[in-house]
Amino acid sequence: MKDQIPGFLFIDHIAIAVPAGQLDAQVKAYELLGFREVHREEVLGTDQVREVMLRVGESDNLIQLLEPLSSASPVQKLLEKNGGRGGFAHVAYRVRDAQITFDALKEKGFRIIDAAPRPGSRGTTIFFVHPRSREDAPFGMLIEVVQAHEHE
């Protein structure tokens with residue numbers, strides 16, 4: 001399709017917000033399901049989170065747990081909106097080229113949170129699309145767009 005946004009490949013991960021101090025307990029709970037921790041990182045800058053990526057069984061599917069590192073973290077603001085409870089934060093889609101996808105979304109009038117693609121965790125390039133991304137058809141949830149690089 002000519003109007004299609006180029007480059008979307010598959011779901012990279014589903015992100016879940018975790019209240020401060022509960023990350024390790026949540027990781028243990030997911031490990032009981034057979035999920036395996038494959039990455040852990042503190043992401044500073046505007047994100048201000050500690051993240052853990054968990055692989056679902058032997059699949060390529062990932063769950064990302066996000067714990068806020070400060071009151072300025074968007075994850076902390078999400079938790080406050082949820083009455084302090086954790087839960088769904090965003091869905092991330094993998095793309096071939098973040099800049100091409102970013103430009104195409106902008107051209108089609110999507111509301112993008114980041115001014116440009118930026119470095120993400122795991123050596124990725126990312127940007128976020130606003131939940132009210134379009135007046136005519138808002139997604140209603142935060143979307144992350146992720147470009148992985150060769151080492152993944």
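In the predicted model, strands β1 and β5 run antiparallel and are joined by eight bridges. Within this pairing, Ala-15 has His-90 of β5 as its bridge partner. On β1 there is also a pairing with β4, in which the two strands run parallel and four bridges join them; here Ile-14 has Ile-63 of β4 as its bridge partner. Both arrangements are known ways of building a sheet, since strands pair through backbone hydrogen bonds that may be either parallel or antiparallel.

These pairings belong to an open sheet of eight strands, which has mixed pairing and follows the order β2-β3-β4-β1-β5-β8-β7-β6. The edges are formed by β2 and by β6 (residues 118-119), each of which pairs on one side only. Helix α2, which spans residues 74-81, packs on the sheet and touches β1, β3, β4 and β5, while the direction of α2 makes about 85° with that of β4. Helix α3 (residues 98-107) lies across β1, β5, β7 and β8, and runs at about 20° to β7. Two of the strands beneath α3, namely β7 (residues 125-129) and β8 (residues 143-147), run antiparallel and are joined by five bridges. In this pair, Val-129 stands opposite Ile-143 of β8.

Helix α1 covers residues 23-32, and its buried residues are Leu-23, Val-27 and Tyr-30. These residues lie on the same side of α1, because the arc that they cover around the axis is only 65°. The spacing can be understood from the geometry of helices in general: an α-helix has 3.6 residues a turn, so residues three or four places apart point the same way. The covering of the buried residues of α1 includes β1 (residues 8-17), β2 (residues 36-43), β3 (residues 49-55) and β4. On the face of α1 turned away from its buried side, the exposed residues are Ala-25, Lys-28 and Leu-32. After α1 comes Gly-34, for which the phi angle is positive, near 95°.

Attention may now be turned to individual side chains in the strands. Glu-67 is placed in strand β4, which is made up of residues 62-68. The relative accessibility of Glu-67 is 5%, and Glu-67 therefore counts as buried, the cut-off for this class being under 20%. When neighbours within four places in sequence are left aside, the residues in contact with Glu-67 are Val-18, Pro-19, Ala-20, Gly-21, Gln-22, Leu-23, Gln-48, Val-49 and Arg-50. One of these, Gln-22, is 45 residues apart from Glu-67 in sequence, although the C-alpha atoms of the two residues are 7.7 Å apart in space. The side chain of Glu-67 makes a polar contact with the side chain of Arg-50 at 2.6 Å, and the side chain of Glu-67 also reaches the backbone nitrogen of Gly-21 at 2.6 Å.

A second polar contact between side chains involves Arg-94, which lies in strand β5 (residues 87-95). With a relative accessibility of 14%, Arg-94 falls under the same cut-off of 20% and so counts as buried. The side chain of Arg-94 makes its polar contact with the side chain of Asp-12, at 2.6 Å.

Key
Residues numbered from 1 in each chain as written. Predicted model: local features only at pLDDT ≥ 70, side-chain atom pairs only at ≥ 80, totals over all residues. Heavy atoms only, no water. Buried < 20%, exposed > 50% of the residue type's maximum accessible area, 1.4 Å probe, protein only. Contact = heavy atoms within 4.5 Å. Polar contact = N/O pair within 3.5 Å; in protein donor to acceptor, adjacent residues only side chain to side chain. Arc of directions from axis to C-beta. Pairing = 2+ DSSP bridges. Axes fitted to C-alpha atoms, helices over the stretch in contact; angles between N-to-C directions.
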